[in-house]
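Please look through the sequence and the model shown here before reading on; the paragraphs that follow lead from the ligand to the two parts of the protein and the place where they meet.

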Amino acid sequence: MSNIQSKRIGILTSGGDAPGMNAAIRAVVLAAHHYHIDVMGFYYGYNGLICAESINQAKLIELSDVNSIIHRGGTFLKSARCHKMLTEDGLQQAAKTLKKENIDALIVIGGDGSFNGLLALKDHWQGQLIGIPGTIDNDLDGTDFTIGFATAVNTAIEAIDKIRDTADAFERIFLVEVMGRHSGHITFNVGIACGAEQVLSFENFSVAEQQSKLEILAAEIKYAQQNRHSSYIIVIAENLWSGGAIELAKKLKKSAGIECTACVLGHIQRGGSPVPKDRLLATKMGVAAVQAIMAGENHIMIAEQHSATCYIALEQAVKHRKVVSQQLIDAQTNILALTAQNQY
Ligand code: F6P
């Protein structure tokens with residue numbers, strides 16, 4: 001291990017921001033300070049490495065910079081999706097900046113796209129590469145939770161609980177679209193916690209069976225309307241149905257005469273103050289990242305499994321998308337069966 005006094009950490013946030021990213025940056029800066037290590041922040045995701053010379057996109061982070069940010073959503077380092085990071089030119093420029101700034105270890109807080117950038121950098125720069133999982137999608141393999149997921153779920157639940165009140169008053173049917181890109185972690189957790197009558201996600205709804213699934217859905221909604229006299233909420237994953245909840249609502253109207261109100265929660269799920277669970281996870285992971293650097297670890301993602309912090313090879317974290325727990329999917333299927341039989 002090199003002399004700790006000479007180590008210098010670079011840090012950036014990349015991809016979709018997630019509540020708790022600020023808390024993770026704070027933890028890295030405080031832990032690094034403990035070891036007398038400087039932390040240089042690169043702004044606007046990987047653009048901060050690639051365009052570091054053009055605008056002021058890199059700066060040493062002072063302790064005062066991380067004062068009072070643990071409770072703030074977003075990321076004060078800003079974020080971006082940077083496709084140039086997967087080009088030869090972009091990688092060379094990033095490596096050049098890291099060398100010029102005497103960085104020994106780079107910490108990237110982000111999701112799978114961001115970690116692919118980290119892995120690509122491996123062949124161009126010899127320093128330590130550490131990922132901290134920060135994405136509301138919770139889809140990184142090897143960690144039970146990613147920073148931001150708990151807050152996003154909470155935000156969506158609060159919104160749908162409100163929708164339920166007005167839906168009940170009118171005995172209306174709502175189609176509520178939640179984020180998650182191509183994973184149903186948010187959809188299932190939110191749907192079940194809201195007592196949604198239906199949860200439609202990649203894990204239980206395939207495009208190939210679309211027609212038959214739609215007929216079953218329409219029949220179940222009609223049965224519930226005739227027998228339960230209450231609201232009916234369908235939580236649907238974004239990117240599942242072409243055109244999203246709005247188009248599915250139109251389709252249900254056209255094919256089955258069912259009136260649905262579509263509501264796309266969208267980016268509201270990415271914002272807001274992180275819930276305690278995300279603040280704690282971010283703080284543990286930020287400290288663990290600095291400890292991993294001190295221990296000479298490389299090409300790893302900081303993870304948490306069964307409440308214990310551990311390291312996962314970056315390759316593994318991005319190789320497969322983490323699947324939604326079968327227990328959750330089964331729970332929803334069982335609850336749905338009761339609803340359909342009008343047993344509660
Ligand atoms: O990855 C986080 C996420 O919020 C996904 O859930 C969503 O599909 C995507 O980012 C949206 O990205 P953008 O804000 O760039 O449209």
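**The ligand and its surroundings**

In this predicted model, an oxygen atom of the ligand is 2.7 Å from an N or O atom in the side chain of His267. Taken alone, the ligand exposes 400 Å², and the protein buries 76% of that. Another residue to look for is Glu238, whose side chain has an N or O atom 2.5 Å from an oxygen atom of the ligand. Gly180 takes part through its backbone instead, where a polar atom is 3.1 Å from an oxygen atom of the ligand. These three residues belong to a longer list, for the residues around the ligand are Arg81, Thr135, Ile136, Asp137, Met179, Gly180, Arg181, Glu238, His267 and Arg270.

To place these residues within the protein as a whole, it helps to know how the chain is divided. Domain 1 is made up of residues 4-148 together with 274-319, while domain 2 covers residues 149-270. The C-alpha centres of domain 1 and domain 2 lie 35 Å apart.

How many residues of domain 1 are in contact with domain 2? There are 17 of them, and they meet 13 residues of domain 2. The size of an interface is often given as the accessible area lost when the parts come together. Between domain 1 and domain 2 that buried area is about 1200 Å², with carbon and sulfur atoms giving 52% of it. On the side of domain 1, the residues that lose the most area to domain 2 are Ile136, Asp137 and Val275, which together account for 42% of what that side buries. Ile136 and Asp137 have already been named, as they are also among the residues around the ligand.

The interface between domain 1 and domain 2 can also be described by its polar and charged pairs. Across this interface there are 9 residue pairs in polar contact, and 1 salt bridge is found there. The residues on the side of domain 1 that touches domain 2 divide into 6 nonpolar, 5 polar and 6 charged. A salt bridge can be followed between Asp17 and Arg270, whose closest N and O atoms are 3.1 Å apart. Arg270 is, in addition, one of the residues around the ligand.

Technical notes
Residues numbered from 1 in each chain as written. Predicted model: local features only at pLDDT ≥ 70, side-chain atom pairs only at ≥ 80, totals over all residues. Heavy atoms only, no water. Domains from an automatic or database assignment. Contact = heavy atoms within 4.5 Å. Buried area = accessible area lost by both parts, 1.4 Å probe. Salt bridge = Lys/Arg side-chain N within 4 Å of Asp/Glu carboxyl O. Polar contact = N/O pair within 3.5 Å; in protein donor to acceptor, adjacent residues only side chain to side chain. Nonpolar A, V, L, I, M, F, W, Y, C, P; charged D, E, K, R; others polar. Near = heavy atom within 4 Å. Areas by Shrake-Rupley, 256 points an atom, 1.4 Å probe, with all protein chains shown as cover.
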